[in-house]
Amino acid sequence: MKYVIINGSPRKKNTWKMVEQAKSNLDGDFEEIHLMAEQIHLCRGCFNCIMESEENCPHHDKVKSIVDKIYDADGIIIASPVYAMNVPALLKNFFDHTAYLYHRPEFFTKKALIIVSTAGAGHNDVAKYIDETLRHWGVNKCYKITYRCGGKDSIDEDNINKISQKFRKDVESGKFHSPKFSDIIFYNVWRAMALTEDPIEPDKKFWFDTGLVNHDFAPEVKLNPVKKAFAKLMFFVLKRVMK
Ligand SMILES: Cc1cc2nc3c(=O)[nH]c(=O)nc-3n(C[C@H](O)[C@H](O)[C@H](O)COP(=O)(O)O)c2cc1C
C-alpha cells in the first residue's frame, strides 16, 4: 500500500511523534510532505482554480505535485497541531489551494487518517474540520487520532495503535463505506450545478468528462436503496432549484 503523509506542523515534534507511532502499524511505502518545506505562497484569491482550471493557479506546480501524490496513494495521513483553536496557516493555505476539489471531487476511493495534537484544547474541532475538508475532496472515510499533550512529553500509544490498525485494515480491504447523507447532498449540488444554464465551465467539463454527471454517487461507492432514492430525489430537486 502507498501512503502520503502531509505534515501541517512547521516542525517535526509532538504531532510527528504520533505520526511515527501510527506508521509503525502500517505496511507499505510512505511519501512525506512537509508543508513548511514546500513554501507554497499564500492563496491569492484569484479564483483561477475554480473558474478557469486548477492549472491556472499561480502556484500550480507546487500544489499539483502534492495532489498527484494523493492520487497515487491508497491512504492519506494529515497531521496537524492546533494553532489558535484551528489548523496552522500552513495547512489552511494548502486546503485553500484545493478549494476547486470541492467543486470537482476526485478521491472517492481514498481513506484518510487525521492526526491532531494540542496543548489543551481544540483537537476535536480541528480533527472535525479536516474530516469535513477531506470529505469535500470526496474521501471515502476518515479515521481520527487526537491527543492533548499538555506539558507531557508522551503520546497515547495504545490509542494510536488501535486506530491506525483499523485504518490499515480498511485501506487494505479495498472496500468502500457507504457515504453520509451530507456527502450525497454535496455531490449532487455540484452535479446539478454542472447542468445549469450558466455553469462554471471547468466544473461542467469535469462532471461530463468523468461521466459522474450520470451517476447518483461515485460508481465505486455503492448506495443502499434508501440512499439511492435520496440521491435521486436530491438531484431532481437541486436541478429544478438551480436551473
Ligand atoms: C502558534 C501556536 C498556537 C497554538 N494554539 C493552541 C491553541 O489554541 N490551543 C491549544 O490547546 N494549544 C495550542 N498550541 C499548542 C500546540 O497545539 C501543541 O503544542 C502541539 O502539540 C504542537 O504540535 P507540534 O509539536 O507538532 O508542532 C499552539 C501552539 C502554537 C505554536
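## A salt bridge in helix α7

In this predicted model, residues E132 and K128 are 4 residues apart in helix α7, which spans residues 123-137, and so about one helical turn separates them. The two residues form a salt bridge, with their closest N and O atoms 3.6 Å apart. E132 is partly exposed, as its relative accessibility is 40%.

## Salt bridges in helices α8 and α4

Helix α8 covers residues 157-173 and contains R168 and E172, which are likewise separated by 4 residues, or about one helical turn. A salt bridge links R168 with E172, and the closest N and O atoms of this pair lie 3.0 Å apart. R168 has a relative accessible area of 28% and is therefore partly exposed. Its partner E172, at 37% relative accessibility, also counts as partly exposed.

Helix α4, formed by residues 60-72, holds K64 and D68, again 4 residues apart and about one turn of the helix from each other. K64 forms a salt bridge with D68, in which the closest N and O atoms are 2.6 Å apart. The relative accessible area of K64 is 37%, so this residue is partly exposed. D68 is partly exposed as well, with a relative accessibility of 28%.

## Salt bridges in the whole structure

How many salt bridges does a search of the whole structure find? The search finds 16 salt bridges. Among them are the pair K64 and D68, the pair E132 and K128, and the pair R168 and E172.

## Positive phi angles in a loop

Which residue in the loop between α2 (35-38) and α3 (48-51) is considered here? Q39 lies in this loop. Although Q39 is not a glycine, it has a positive phi of about 50 degrees. The relative accessibility of Q39 is 55%, and a value over 50% counts as exposed, so Q39 is classed as exposed.

F47 is also placed in the loop between α2 and α3. F47 is not a glycine either, yet its phi is positive, at about 70 degrees. Is F47 buried or exposed? With a relative accessibility of 53%, F47 counts as exposed.

Methods. Residues numbered from 1 in each chain as written. Predicted model: local features only at pLDDT ≥ 70, side-chain atom pairs only at ≥ 80, totals over all residues. Heavy atoms only, no water. Salt bridge = Lys/Arg side-chain N within 4 Å of Asp/Glu carboxyl O. Helix = DSSP H or I, 4+ residues; strand = E, 2+ residues; numbered from the N terminus. Buried < 20%, exposed > 50% of the residue type's maximum accessible area, 1.4 Å probe, protein only.
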